[in-house]
Amino acid sequence: MEEGEKKLRQEDCHEDNLGSGILTLTNRRLAFDKSRARIMDFSKHIGETIIDVPLSDVKKFWVEGLFMKKFCFLAGEETYKFGVLNPGGWADATQDATGAE
């Protein structure tokens, strides 16, 4: 993280097309790091950063789904959909961080 950057939210999750990893919201960006877990020794290894989007580049964010709700956002031409525990909380935190209405 850069100087002055604060972690607002972080969670293990699953993105529809990218698989499992860790979603992080800071006061400056949304990032997704791939992860790999081993059941045998209960270890988790963080891999490469797949998504690193400045909040100014997030065009839209929302929650969708009837039973399996997901936190979604549009950055550039890509739409990302994350299975997180509290999608509404992620949308609220992103709204607060971006200053969007």
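**Strand pairing, salt bridges and cysteines**

Student: Which residue in β6 stands opposite Val 58?
Tutor: In this predicted model, strand β5 covers residues 58-64 and strand β6 covers residues 70-75. The two strands pair in the antiparallel sense. Opposite Val 58, in β6, stands Ala 75.

Student: How many bridges join β5 and β6?
Tutor: β5 and β6 form a hairpin, with 5 residues between the strands. The pairing is antiparallel, and the number of bridges is 6.

Student: Which residue in the turn of the β5 and β6 hairpin has a positive phi?
Tutor: The turn belongs to a hairpin that has 5 residues between β5 and β6. The phi in question is about 115°. The residue is Gly 65.

Student: Which residue in β7 stands opposite Leu 74?
Tutor: Strand β7 (residues 78-83) pairs with β6 in the antiparallel sense, over 5 bridges. Across from Leu 74, the residue in β7 is Thr 79.

Student: What phi does Gly 76 take in the hairpin of β6 and β7?
Tutor: This hairpin has 2 residues between its strands. Gly 76 has a phi that is positive, with a value near 65°.

Student: What distance separates the C-alpha atoms of Lys 60 and Leu 74?
Tutor: Lys 60 is found in strand β5. At 48% relative accessibility, Lys 60 counts as partly exposed. Along the chain, Lys 60 and Leu 74 are 14 residues apart, whereas their C-alpha atoms are separated by 5.2 Å.

Student: How many salt bridges does the structure hold?
Tutor: Side chains of opposite charge can pair when their charged atoms come close. One case here is Glu 64 with Lys 81, whose closest N and O atoms are 2.8 Å apart. The total for the structure is 6.

Student: Why does the pair of Glu 64 and Lys 81 tie together parts that are apart in sequence, and which strand holds Lys 81?
Tutor: Both residues are partly exposed: Glu 64 has a relative accessible area of 28%, and Lys 81 has one of 25%. The pair ties together parts 17 residues apart in sequence because Glu 64 lies in β5, while Lys 81 lies in β7.

Student: Which residue meets Arg 29 in a salt bridge of 2.6 Å, N to O?
Tutor: Arg 29 sits in strand β3 (residues 29-38), and its partner sits in the segment before β1, 24 residues apart. The partner counts as buried, at 7% relative accessibility. The residue is Glu 5.

Student: Which residue is linked with Glu 5 and Arg 29 in a network of salt bridges?
Tutor: The side chains of Glu 5 and Arg 29 meet at 2.6 Å, N to O. The network also takes in Asp 52.

Student: How far apart, N to O, are the side chains of Lys 70 and Asp 16 in their salt bridge?
Tutor: This pair links distant parts of the chain, 54 residues apart: Lys 70 is in strand β6 and Asp 16 is in the loop between β1 and β2 (19-26). Lys 70 counts as partly exposed at 22% relative accessibility, and Asp 16 is partly exposed at 36%. The N to O distance is 2.3 Å.

Student: Which side chain makes a polar contact with the side chain of Glu 11?
Tutor: Glu 11 lies in strand β1 (residues 7-15). Glu 11 is buried and has no salt bridge, the nearest side chain of opposite charge being that of Arg 9 at 5.1 Å, whereas a salt bridge needs the nitrogen and oxygen within 4 Å. The polar contact, at 3.0 Å, is made with Trp 90.

Student: Is Trp 90 buried or exposed?
Tutor: Trp 90 belongs to helix α1 (residues 87-98). In that helix Pro 87, Gly 89, Ala 91, Ala 93 and Thr 94 are buried, and Trp 90 is likewise buried.

Student: What distance does α1 reach from its first C-alpha to its last?
Tutor: The helix has 12 residues, and the residue that follows is Gly 99, with a positive phi near 80°. The span expected at 1.5 Å a residue is 16 Å. The reach of α1 is close to that expected value, at 16 Å.

Student: How many disulfides does a search of the whole structure find?
Tutor: A disulfide needs two cysteine sulfur atoms within 2.5 Å. The cysteine sulfur nearest to that of Cys 13 is that of Cys 72, 12 Å away. Cys 13 counts as buried at 9% relative accessibility, and Cys 72 is buried at 0%. The number of disulfides found is 0.

Definitions and conventions:
Residues numbered from 1 in each chain as written. Predicted model: local features only at pLDDT ≥ 70, side-chain atom pairs only at ≥ 80, totals over all residues. Heavy atoms only, no water. Buried < 20%, exposed > 50% of the residue type's maximum accessible area, 1.4 Å probe, protein only. Pairing = 2+ DSSP bridges. Helix = DSSP H or I, 4+ residues; strand = E, 2+ residues; numbered from the N terminus. Expected span 1.5 Å × (residues − 1). Lys, Arg positive; Asp, Glu negative; His and termini not counted. Polar contact = N/O pair within 3.5 Å; in protein donor to acceptor, adjacent residues only side chain to side chain.
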